[in-house]
Amino acid sequence: MDLETVGGLVLHTILSNLTPKDTAIAACVSNKLKSSASEDILWSKFCSQELDLNEPIDPLGNPTPSFKACYQAWREAFSMYPWPLVMRVKKCWGRLKNWLSINFPEAEATLRKGVSEVEIQESERILKVKLPLPTRILYRFCDGQEINAKKSSGSAGGSLLGLIGGYSYYSHLVNVFLLPLNEVVSNTKPIIRQIGFSSRSKYIVVAFSHTETEKFFFLNCTTGQLHVGTVNLATEGEMIPCVPNALISSVHDSNGDQQQDAMLLWLEEHARRLENGMIKLREERGTRSISLFPEEPPFCSTAITNGVKVRASAVFVPEIADLQNENAKYTFSYSIRMSLQREGCVINGIPFSSCQLNWRHWIIRANDHVESDFNAEAVIGKYPLLLPGEREFVYESCTPLPTSLGSIEGSFTFVPGRLADPKGAPFEVEVARFPLQLPDYIF
């Protein structure tokens, strides 16, 4: 085919269906192809597809004279890494930052600019480890979060801007931040020494709860697995893997395109849960944070009885897990959200403008065995009064379990009106069964 006779539009269409590498090769064939392959509209398409860029900027955020120069700058900056992995990591951070910018901009503001290759190499030298390739690229794009020196506490209502988020029950408050590389370096050695690991250990601390409740995440730089400490971390060095081992592969192989370590898989799964609404923001006493309590089925149950809506879900609490205790290996925190529909409480066709909780009944199972079946007054010492259309009344509690799989179900007894002035007979409100389950991904 005589390419010299082909029109510019046809050439552009042909080149648009090639990869950037093939387009660069085609540019060497003839002057006409070189001219067509240099058109900036073509390279803007490549920048959009591979880097999700809609303006020509280099990896440091500086403007470039063209999209072609932009693409070249990115390829040169990450030339030491497999390009498919670079694109995947950039997409992961892009998803997280996009969700934060729309829903949680105050947390987005804590994200730090990526570090340089020289800074990564210096950190590796000090830590005496070789970071898995995906983790290296993750830090090249974003250097964790800016962390305030003062830890947050429930009473102080401090910063709860952790990217990973958390949960609370009673006085137990967790909110997990990603550590910047300099904090990884400064925290790893003392923490590793404290839990009795060898100085040759290839574990580094990459995330922790910036609250009075300790929760640490460790990356094994040899295997690429991410671990979280249990209640026996300080005494026994006990940890639980956070990502299925079978998914981790080629963490130090610079050839091919199948590299994935636990850090990348963990953050991709976190982005997926945020995007699909499985986990959401929660505001308490004017402070917003990412709540890890599931909000969608099958991990969140919903039941409506006589106008009273109850949603319930649970989250595994690894920092309280005790794998050496056969009777209570696993601990789960559960969140109960109750509200009254706008039409009010309706019993036998008669509407009431309020109802108040008086009693609870729980059935807790480990696998299919009933571990606990009990009745008690109130919930965490409170008798919530529900009014139509008001915000949910939310409370959290916890339960230990000898197995990694179980469930909770039960009911609440309400009275129409108020306990001090009942307008009718008590009635039961269903709490549909919700799972207690050791998840594949632990946050």
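How much space lies in the second largest pocket? About 830 Å³, and that pocket makes a good starting point for a walk through this model, which is a predicted one.

Let's look at the walls first. The second largest pocket is lined by 28 residues. To find its centre by eye, look for Pro59, Trp74, Lys90, Lys97 and Phe141, the lining residues that lie nearest to it. Several elements build the lining: α5 (67–77), α6 (83–103), β1 (111–113) and α9 (133–141) each give at least two residues. Helix α6 provides the largest share, with six residues. The chemistry of these walls is mixed, with eleven nonpolar, seven polar and ten charged residues.

From the pocket, we can move on to an enclosed space. The structure holds one cavity of 30 Å³ or more, and the largest cavity contains about 50 Å³ of space. Around this cavity you will find Trp93, Leu138, Tyr139, Cys142, Gly144, Leu178, Leu179, Met263 and Leu267. Helix α9 turns up again here, as α9, β2 (142–145) and α12 (262–275) each supply at least two residues of the cavity lining. By class, the cavity lining has eight nonpolar residues, one polar residue and no charged ones.

Finally, let's visit the surface. Val10, Ile14 and Leu18 form a nonpolar patch there, with about 220 Å² of accessible area together. One of them, Ile14, sits in helix α1 (residues 8–16). Ile14 has a relative accessible area of 39%, so it counts as partly exposed, and a patch residue needs over 30%.

Terms used
Residues numbered from 1 in each chain as written. Predicted model: local features only at pLDDT ≥ 70, side-chain atom pairs only at ≥ 80, totals over all residues. Heavy atoms only, no water. Patch = residues over 30% accessible without salt bridge, like charges linked within 9 Å, V, L, I, M, F, W, Y side chains within 5 Å. Areas by Shrake-Rupley, 256 points an atom, 1.4 Å probe, with all protein chains shown as cover. Salt bridge = Lys/Arg side-chain N within 4 Å of Asp/Glu carboxyl O. Helix = DSSP H or I, 4+ residues; strand = E, 2+ residues; numbered from the N terminus. Buried < 20%, exposed > 50% of the residue type's maximum accessible area, 1.4 Å probe, protein only. 1 Å grid on protein atoms, 1.4 Å probe; cavity = no way out; pocket = protein on both sides within 12 Å on 5 of 7 lines; lining within 4 Å. Points joined across faces, edges and corners; volume = space filled by probe spheres on them. Nonpolar A, V, L, I, M, F, W, Y, C, P; charged D, E, K, R; others polar.
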